[in-house]
Amino acid sequence: FRMIYTKPQILKPSRSDVLMMTPWFAPIVWEGTYNSEILNEQFRRRNVTVGLTVFAIKKYTVFLNKFLETAETYFMVGHRVNYYIFTDRPEEVPKVPLKEGRNVVVLQVQNYPRWQEISMRRMELINSFSQQRFINEVSYLVCVDVDMRFNDQVGVEILSNLFGTLHPHFYAAERQSFTYERRPASQAYVPRDEGDFYYAGGFFGGTVMEVYKLTKKCHEAMMVDKAKGIEAIWQDESYLNKYFVYYKPTKILSPEYLWDDDLGRPEILKKIRFLALPKNHAAIRNK
């Protein structure tokens, strides 16, 4: 077996317009900073299966068709994938044709009256299923929002022990303007002089064990707050950001991996890989 590719140049970084490495040596993944052939081969040798978790509660099942169809085109192409769909309406999960080695697993859950509550329950559910099921079935978990579509390749370059994604609204912002939870009474509290980046709640993951630890910590923090009548400003995203301040991700995905076209298309984004769908939140969230 031979692999032919151009030699990396130590004195010529592949991108000089963006930060490619954090101060704790976690790579930041941008187009042009990796070779997918090398990575695919490395992951194939390890015989990796990837779990993709998504929540389609109440009317959010309308997004599943586009989500799964585009995932089949662009997500982990050539690798084994389990799509774990948490839903209260299993009968509405569409039958999308799947490539070999790829499965849809429907996990029935109850719904809650408020979308905030549903959002917060995600940590608890991912946590309990990581222990019961995921640990025996997949090597990595990728946890994303359903009201999105894949728009370009999202492959093994994202995989690492623990990864988060730069929030499209805040990737270039100063620390002071991050929308962390600022009330000291909350378990999600981050002081104004702490924090590296603001991460999106809609795309994170890692090995099953690391995702188990993250979701356990976040869920426990939420339960402490709930008992005090506190709900963090951005629900699960706030607890995720607190976690990443103290347990640094080992890889960070650039905003290519979670974009919203309302923000235009800045020069630094060579590819838009995962894209928010336009929608009427009010019409969907509480139905």
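**View 1. Thr49 and its bridge partner in strand 3 of the predicted model****.** Thr49 has Arg80 as its bridge partner in strand 3. This close-up, like the others, shows a predicted model. Strand 3 covers residues 80-87, and strand 2 covers 49-56. The two strands run in the parallel sense. Eight bridges link strand 2 to strand 3. Strands of a sheet pair through backbone hydrogen bonds, in either a parallel or an antiparallel arrangement.

**View 2. The open sheet of eight strands****.** The strand order is 1-9-7-8-5-2-3-4. Pairing in this sheet is mixed. Strand 1 (28-29) stands at one edge and strand 4 (102-108) at the other. Each of these two has a single partner strand, so one side of each lacks a neighbour in the sheet.

**View 3. Helices lying across the sheet strands****.** Helix 2 spans residues 64-74. Helix 2 lies across strand 2, strand 3, strand 4 and strand 5. Its direction makes an angle of about 170 degrees with strand 3. Helix 4, residues 208-227, lies across strand 5, strand 7 (162-165) and strand 8 (203-207). Helix 4 runs at about 125 degrees to strand 8.

**View 4. Packing of helix 4 against helix 5****.** Two packed helices are described by the angle between their axes and the distance between those axes. Helix 5 covers residues 236-246. Helix 4 and helix 5 pack at about 120 degrees, with axes 9 Å apart. The pair is therefore oblique. The crossing is right-handed. From helix 4, Lys213, Leu214, Lys217, Cys218, Ala221, Met222 and Asp225 take part in the contact. They meet Asp236, Tyr239, Leu240, Tyr243 and Phe244 of helix 5.

**View 5. Residues listed by UniProt under "binding site"****.** The unreviewed UniProt entry lists Phe55, Ala56, Ile57, Tyr60, Asp145, Val146 and Asp147. These residues span 93 residues in sequence, yet no two of their C-alpha atoms are more than 11.2 Å apart, so they gather at one spot.

**View 6. Tyr60 and Asp147, two of the listed residues****.** Tyr60 sits in the loop between strand 2 and helix 2. Its relative accessibility is 15%, so Tyr60 counts as buried; the cut-off for buried is under 20%. Asp147 sits in the loop between strand 5 (140-144) and strand 6 (148-150). At 9% relative accessibility, Asp147 is buried too.

Methods. Residues numbered from 1 in each chain as written. Predicted model: local features only at pLDDT ≥ 70, side-chain atom pairs only at ≥ 80, totals over all residues. Heavy atoms only, no water. UniProt positions renumbered as here; feature names shortened; annotations may be inferred. Helix = DSSP H or I, 4+ residues; strand = E, 2+ residues; numbered from the N terminus. Buried < 20%, exposed > 50% of the residue type's maximum accessible area, 1.4 Å probe, protein only. Pairing = 2+ DSSP bridges. Contact = heavy atoms within 4.5 Å. Axes fitted to C-alpha atoms, helices over the stretch in contact; angles between N-to-C directions. Parallel < 35°, antiparallel > 145°, perpendicular 65-115°, else oblique. Left-handed = near helix turned anticlockwise from the far one by under 90°.
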